Amino acid sequence: MLQLSRFPIKTSKDAQKVSDNRSTSLLLQAWFIRQEMAGAYNYLPLWLIVLKNIENVVREEMNSVWAQEILMTSLWNKESWLKTWRWDTVDVLFKLPASGNKEYALNPTHEEVVTPLIGEFIQSYKDLDSMSVYQFQTKFRNEARAKSGLLRWREFLMKDLYSFHKNLDDLDVYFEEVRQAYVRVFNRLWIGQDTLYAFASGWAFSKYSYEFQTKLEIGEDNIYVCSDCGQAHNDEIVEWVFSCVNCKSAKYEIVKTSEVGNIFKLGTKFSSSFGLNYLDEKNSTNEVVMGCYGIWISRLMWVIAEYMMDEKGLVWPESIAPASHYIIVIWEDNLEKAITLAKEIETKWWNVIIDDRTGKVWFGQKANDADLLGIPNRIIISPKTLEQGGYELKGRKENEGKIIKI
Ligand SMILES: [Zn+2]
């Protein structure tokens, strides 16, 4: 339960203009975030609740494919990055000078960490029946031109999962399980129907990689959707002429999207660099085959905010909202009733915000803030509603409330 009289929220009347991105303006106006510098944000309490709720949805689905949660370091040694030849080729790698004439990397991705780490636990084929790990970790990119809003962050949160297999067939089976888990994640976050599964350019080991792209007018990517079968393609793989990878059709439409996840078959690229091998049934040595699977958690939060918002402000899916109910209290005498009601609601739902601000915060502002913050249900307890026998309950998208007797 969160009482606004105890929490210094002071929504500003007008949204600050942030590039072409209205959701960021709303998040600033509603006290969810503050920008530290271009491409780096501080998360305030309500945004942190949304973040934790999203993490929990993702965590449940990753656990459902038998992945184990770990947490790796952000700092990593230069030697590992030299082994994979990426110290000098990843142009956004943050390089950190340290004492003793050393240099470290602030990781933008964790293959260089996870491969030798998990290598410790893999000796024989028996260790590779179901071996996958994931983490929620802050990643860094040394962007020359970081931008406000959705794109080009210097610091961001990511869920990354890595899987380890005996051969490509096993990888293919697990890859499909994770893909289905991703579909469940985006459905639970209410963006599933507009999130496309797109073919993108691949690596030496696989022809394609795959992206999850959510339709968004301000999206940074152009996705080519086949007019005949609906298959989506990243613009990297249709550079010259469009030919659907699925049905070979040449007809397409271009859709603006923002990327919320990507999945790759890494093959043996990293196991080769780190000598990650296993002994098979015949006692011969083979290289471990790997897959990696990312969800851009921070960007996903913005995408949901941008996708769901309406003319009144933010709109949160019930699965991740910072609170299930927003109780507006009119007259301090009614605060006790609100607290009792909030406790009752919290036995069935998850969190209640009580707007018991006094002074110059009148009903109109409280009602506007309930809409601006995007809380799914609004309750009013006032002398008028009590006269009618209870409180008024209204959904965020409804125009009229109804009286619930108490
Ligand atoms: Zn097609």
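**Figure 1. The buried area between domain 1 and domain 2.** In this predicted model, putting domain 1 and domain 2 together buries about 440 Å². Carbon and sulfur atoms supply 78% of that area. On the domain 1 side, look for Leu2, Phe7 and Leu373, the residues that lose the most area to domain 2. Together these three make up 60% of what the domain 1 side buries.

**Figure 2. Who touches whom across the interface.** Six residues of domain 1 are in contact with five residues of domain 2. Don't hunt for salt bridges between the two domains: the rule finds zero. Residue pairs in polar contact across the interface also come to zero, with both partners at pLDDT 80 or more. Sorted by class, the domain 1 side that touches domain 2 has five nonpolar residues, one polar residue and no charged ones.

**Figure 3. How the chain is split into domains.** Domain 1 is assigned in two stretches, 2–7 and 323–405, while domain 2 covers 32–308. Leave some room in the frame here, as the C-alpha centres of domain 1 and domain 2 sit 40 Å apart.

**Figure 4. Two cysteines, Cys226 and Cys292.** Zoom in on Cys226 and you'll find a buried residue, with a relative accessible area of 3%. Cys292 has 9% relative accessibility, so this residue counts as buried too; the cut-off for that label is under 20%. As for disulfides, the structure holds zero.

Note on methods. Residues numbered from 1 in each chain as written. Predicted model: local features only at pLDDT ≥ 70, side-chain atom pairs only at ≥ 80, totals over all residues. Heavy atoms only, no water. Disulfide = S-S within 2.5 Å. Buried < 20%, exposed > 50% of the residue type's maximum accessible area, 1.4 Å probe, protein only. Domains from an automatic or database assignment. Contact = heavy atoms within 4.5 Å. Buried area = accessible area lost by both parts, 1.4 Å probe. Salt bridge = Lys/Arg side-chain N within 4 Å of Asp/Glu carboxyl O. Polar contact = N/O pair within 3.5 Å; in protein donor to acceptor, adjacent residues only side chain to side chain. Nonpolar A, V, L, I, M, F, W, Y, C, P; charged D, E, K, R; others polar.
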